[in-house]
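Colleague: I should like to go through this model with you, one question at a time. Please give the reasoning before each result.

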Amino acid sequence: MQIIDRYKHLQEDKLVFGKMNYWSMYKKLKTVMTACGIEKSISYHCRRHSFATLALSKGMPIESVSRVLGHTNIVTTQIYAKNTSQKLNADLTMLGDKLNASFKSIK
């Protein structure tokens with residue numbers, strides 16, 4: 001939230017960093033990474049991929065992630081943002097819980 005507040009004066013159309021080209025975005029993200037203590041060089045593509053993977057692992061629907069990334073086809077998002085083992089485990093646990101609840105009423 002501090003990062004979003006820091007760039008609030010640049011926001012247009014509810015965009016966190018305002019409208020900018022690739023290089024402007026790269027420079028802004030580099031500044032954010034430095035402020036967060038990230039020293040490793042990370043490509044723009046890697047950042048998008050990390051966002052998508054994190055969003056999915058925290059339960060954000062793939063349709064929403066696809067839209068945020070600007071994909072016109074959800075298949076692109078399915079390839080681009082892999083499901084993590086954590087997300088897979090959570091999904092399987094949810095299915096197991098629902099199946100257990102369904103079968104408890106069967107004698």
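Colleague: In which helix does Thr77 lie?

Modeller: Please bear in mind that this is a predicted model. The secondary structure of the protein chain comes to six helices and zero strands, and from the N terminus the elements run α-α-α-α-α-α. Among these elements, the one that holds Thr77 is helix H5.

Colleague: Does Thr77 count as buried or exposed?

Modeller: The cut-off for a buried residue is a relative accessible area under 20%. Buried residues make up 21% of the 107 residues in the protein chain. Because its relative accessibility is 0%, Thr77 counts as buried.

Colleague: Which residues does Thr77 touch, not counting those up to four places away in sequence?

Modeller: Helix H4 spans residues 62-69, and its buried residues include Val65, Ser66 and Leu69. These three appear among the contacts of Thr77. With residues up to four places away in sequence left out, Thr77 touches Ile62, Val65, Ser66, Leu69 and His71.

Colleague: Why are the buried residues of H4 on the same side of the helix?

Modeller: An α-helix has 3.6 residues a turn, so residues three or four places apart point the same way. In H4 the buried residues are Val65, Ser66 and Leu69. They lie on the same side of H4 because the arc they cover around the axis is only 100°.

Colleague: Which residues are exposed on the other side of H4?

Modeller: One of them is Glu63, which lies in helix H4 and counts as exposed because its relative accessibility is 52%; the cut-off is over 50%. The exposed residues on that other side of H4 are Glu63, Arg67 and Val68.

Colleague: How far apart in space are Glu63 and Thr77, C-alpha to C-alpha?

Modeller: Glu63 belongs to H4, whereas Thr77 belongs to H5. The two residues are 14 residues apart in sequence. From C-alpha to C-alpha, the distance between Glu63 and Thr77 is 8.5 Å.

Colleague: Is H3 roughly parallel or roughly antiparallel to H4?

Modeller: Two packed helices are described by the angle between their axes and the distance between the axes. Helix H3, residues 44-57, packs with H4 at about 160°, and the axes are 10 Å apart. Angles over 145 degrees count as roughly antiparallel. H3 is therefore, relative to H4, roughly antiparallel.

Colleague: How many nonpolar, polar and charged residues does the contact of H3 with H4 have?

Modeller: H3 passes H4 in a right-handed crossing. On the H3 side the contact is made by Arg48, Phe51, Ala52, Ala55 and Leu56, and on the H4 side by Ile62, Val65, Val68 and Leu69. By class, the residues in this contact are eight nonpolar, no polar and one charged.

Colleague: How far apart in space are Leu56 and Lys87, C-alpha to C-alpha?

Modeller: Leu56 is placed in helix H3, and it counts as buried because its relative accessibility is 3%. In sequence, Leu56 and Lys87 are 31 residues apart. Their C-alpha to C-alpha distance in space is 7.2 Å.

Colleague: How far apart in space are Gln78 and Ala52, C-alpha to C-alpha?

Modeller: Gln78 is found in helix H5, residues 74-80, and counts as partly exposed because its relative accessibility is 45%. Thr77, also found in H5, is 8.1 Å from Ala52, C-alpha to C-alpha. Gln78 and Ala52 are 26 residues apart in sequence, and their C-alpha to C-alpha distance is 9.7 Å.

Key. Residues numbered from 1 in each chain as written. Predicted model: local features only at pLDDT ≥ 70, side-chain atom pairs only at ≥ 80, totals over all residues. Heavy atoms only, no water. Buried < 20%, exposed > 50% of the residue type's maximum accessible area, 1.4 Å probe, protein only. Helix = DSSP H or I, 4+ residues; strand = E, 2+ residues; numbered from the N terminus. Arc of directions from axis to C-beta. Axes fitted to C-alpha atoms, helices over the stretch in contact; angles between N-to-C directions. Parallel < 35°, antiparallel > 145°, perpendicular 65-115°, else oblique. Left-handed = near helix turned anticlockwise from the far one by under 90°. Contact = heavy atoms within 4.5 Å. Nonpolar A, V, L, I, M, F, W, Y, C, P; charged D, E, K, R; others polar.
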